[in-house]
Amino acid sequence: QQEQQENNNKMLNDKESYLNLIGEGDDLLDGKKYSESISKYKEALKFEDLYSGTEYASHFNKNVSGRISSAKQQQEENDKESYLVLVKDGDALLADKKYSESISKYNEALVYEQKYSGTGYASHFNSNVKAKISSAKQQQKQQENNNKMLNDKESYLVLVKAGDALLADKKYSESISKYNDALVYEQKYSGTGYASHFNSNV
C-alpha cells in the first residue's frame, strides 16, 4: 500500500511536470518559437512513453505527438515564407546591381534550403539559390572589371593626350615616355573584350 502511495505521488508529480511542459510548449508555439516549443513537447513526450501501457496512461494523453507535428508544420510554413521573401529581396537587389547585398540575402535563404534538404519539405525550398549566388558573384566580378577598365581608360586617354601635347611642343623624349606609359594599357587589354577602348594607335 505504501508503494502504491509512492507510485501515485510520483505519477502526480510527473503529471504536473508533463502538463507544465505542454503549457510552456503551447506558449512558445503561440510566440512562433517553434524549435523551443518542439523541445518542450519532446520532454513531455517522455512522460507519455514512460506511462504508456500502465494504469496511469490516461493521465498522460494530451496527444503531444500531434502537437509536435503541428509545430513542425507551422515552422515549415513560417520558414517557407521567410525563405521566399529572402529570395525575392535578393532578386530585387541583384536587379539593382547591389551585388554584395543580394549575395547576403541569398546566403540567408540558402540556410533554409540546407535545413530542409532531404526532407519531405525540400520541394518548398527549391529556388536554386546556389546558382543565384554564383550568378551574382559573376556579375559583381564583371562590374568590378568594368570599373577597373573605365579607370584605366581614363588614365590611358590622359596619357595619350599629354603625349600628343608634348609632341606638338617638339618635346620628343617626354612625349615618348607618355606614349610608353599609355602602351602598357594597350598591351594589358590586347585580346580582351575591352581592347577597342584602348585603340589610339600609340
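Student: What is the relative accessibility of Asp-26?

Tutor: Ground rules first: this is a predicted model, where local features need pLDDT of at least 70, side-chain atom pairs count only at pLDDT 80 or more, and totals for chains, interfaces and linings use all residues. Residues are numbered from 1 along each chain as its sequence is written, and side-chain values use heavy atoms, leaving out hydrogens and water. Buried means under 20% relative accessible area, exposed over 50%, and partly exposed in between (1.4 Å probe, protein chains only). Asp-26 counts as partly exposed, since its relative accessibility is 24%.

Student: Which helices hold Arg-67 and Asp-26?

Tutor: Helices here are DSSP runs of H or I, at least four residues (strands are E, at least two), numbered from the N terminus. The side chains of Arg-67 and Asp-26 meet in a salt bridge, N to O at 3.0 Å, where the rule is a Lys or Arg side-chain nitrogen within 4 Å of a carboxyl oxygen of Asp or Glu. The pair links distant parts of the chain, 41 residues apart: Arg-67 sits in helix 3 (residues 64-95) and Asp-26 in helix 1.

Student: And is Asp-14 buried or exposed?

Tutor: Asp-14 pairs with Lys-10 in a salt bridge, 2.8 Å from N to O. Both lie in helix 1 (residues 2-30), four residues apart, about one turn of the helix. Lys-10 is partly exposed at 45% relative accessibility. Asp-14, however, has a relative accessible area of 11%, so this residue counts as buried.

Student: Which side chain of opposite charge is nearest to Glu-186?

Tutor: Glu-186 lies in helix 6 (residues 172-189). Leaving aside residues up to four places away in sequence, Glu-186 touches Tyr-156, Phe-198, Ser-200, Asn-201 and Val-202, contact meaning heavy atoms within 4.5 Å. Charge counts Lys and Arg as positive and Asp and Glu as negative, with His and the chain ends not counted. Glu-186 is buried without a salt bridge, and 12 Å away is the nearest side chain of opposite charge, Lys-153.

Student: What radius of gyration does the protein chain have?

Tutor: The C-alpha atoms fill a box of roughly 120 × 30 × 25 Å along the principal axes. The globule rule is 2.2 Å times the number of residues to the power 0.38, with the radius of gyration taken over C-alpha atoms. A compact globule of 202 residues would come out near 17 Å, but the protein chain has 34 Å.
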